[in-house]
Amino acid sequence: MTFLYFGYGSNMERTSLRAKGVAPLASLRATLPGWRLRFNVQHFFLHEGGVGNIEPCTEAGSAVQGVLHRCEDHHLALLDDAEAYGHGYDRIEVAVSTAQGPQRAIAYVGIPSFLNEHCRPTQRYLNILLKGAQAAGLDAAYIEALRSQPVHVNPPVAPFEPPAGVFPVFTAQTLTLDPPLTALAGSVFDMSPARWQHDFLKGYFGGKDMTLFHLRRMDQSDGHECLDDLRHDRLSWVQRAYLDAYLHAYNAEYRYVGRFSYD
């Protein structure tokens, strides 16, 4: 069995979808009339700015362009996890138009408690949208409107330095024994002190190393990053800087508790 999913943000792009475990059986461009695209869903981590959302709009000609994916039923749980269903996003049914006629599909909309009207998307996030929009053949004017979006800009960050002191070393096996813990780029953090907005991530990140998760969400990712890249120090300076920004974000939201070994 299959279902139709309308992706209008980063999930227009198939590499981004594959990073979430979703490989559509087919994809084609689609339009959602009577709605508009926003970037007002506050990302879990503040340095990532705002991510995509759709809102009803009564302005003449308003529409959101995107990609209609035909997915297998087991992909729904993966999409729900990726979109923090019930926490950051709700799931609704929408009516879209395609070259094959009108279709009904599911789409995700931001939950009010996660909306922040001051948010802007990062350039990383916009680049993924642009890749997906261009691959799907969306209208040139729509792509140009995406390209011209104001972006969230972060100041440069220094390489992350763990706090001074003696801390334990965790492995993939021992990390799973303590679900409030999560690992990133060789550091382990306790998620227990996090803000309520991170309650969903405690279940999603808890007991796991999330380094590949983040690397595969870079706009430059080809989806082939692997643990050997970490073991043999094969990361580019861009990847390192991206992980450093997340290490500082983890350290701000959570509590550093140890080192993670990839051996």
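Start with Ala84: this alanine is buried, with a relative accessible area of just 3%. Its backbone is a bit odd too, since Ala84 has a positive phi of about 50° without being a glycine. You'll find Ala84 in the loop between α2 (75-82) and β6 (89-98). Keep in mind that you're looking at a predicted model.

Now hop over to Ala185, another non-glycine with a positive phi of about 50°. Ala185 sits in the loop between β9 (181-184) and β10 (187-190). Here the relative accessible area is 32%, which makes Ala185 partly exposed.

Next, the interior. In soluble globular proteins, nonpolar side chains tend to be buried together. In this model, the largest nonpolar core counts 74 residues, and Phe6, Phe45, Val64, Leu201, Phe205 and Tyr250 have the most contacts inside it. Helix α9 (residues 237-253) is the top contributor to that core, giving 6 residues. Take a look around Val64: leaving out residues up to four places away in sequence, Val64 touches a set of partners including Phe6, Tyr8, Trp35, Ile54 and Tyr142.

As for rings, there are 23 aromatic pairs in the structure. One to pull up is Phe44 with Phe114: the ring centres are 5.6 Å apart and the planes are at 75°, so this pair is edge-to-face. Phe44 belongs to the loop between β3 (35-42) and β4 (50-56), and Phe114 to the loop between β7 (101-110) and α3 (123-136), so the pair ties together parts 70 residues apart in sequence. Both Phe44 and Phe114 are buried.

Finally, some charges over rings. Arg91 lies over the face of Tyr85, 4.3 Å from the ring centre. Arg217 has its charged end over the ring of Phe213, at 3.6 Å from the centre.

Technical notes. Residues numbered from 1 in each chain as written. Predicted model: local features only at pLDDT ≥ 70, side-chain atom pairs only at ≥ 80, totals over all residues. Heavy atoms only, no water. Core = buried A, V, L, I, M, F, W, Y, C linked by side-chain atoms within 4.5 Å. Buried < 20%, exposed > 50% of the residue type's maximum accessible area, 1.4 Å probe, protein only. Helix = DSSP H or I, 4+ residues; strand = E, 2+ residues; numbered from the N terminus. Contact = heavy atoms within 4.5 Å. Phe/Tyr/Trp six-rings, centres within 6.5 Å; stacked < 30°, edge-to-face > 60°. Lys NZ or Arg CZ within 6 Å of the ring centre and 35° of its normal.
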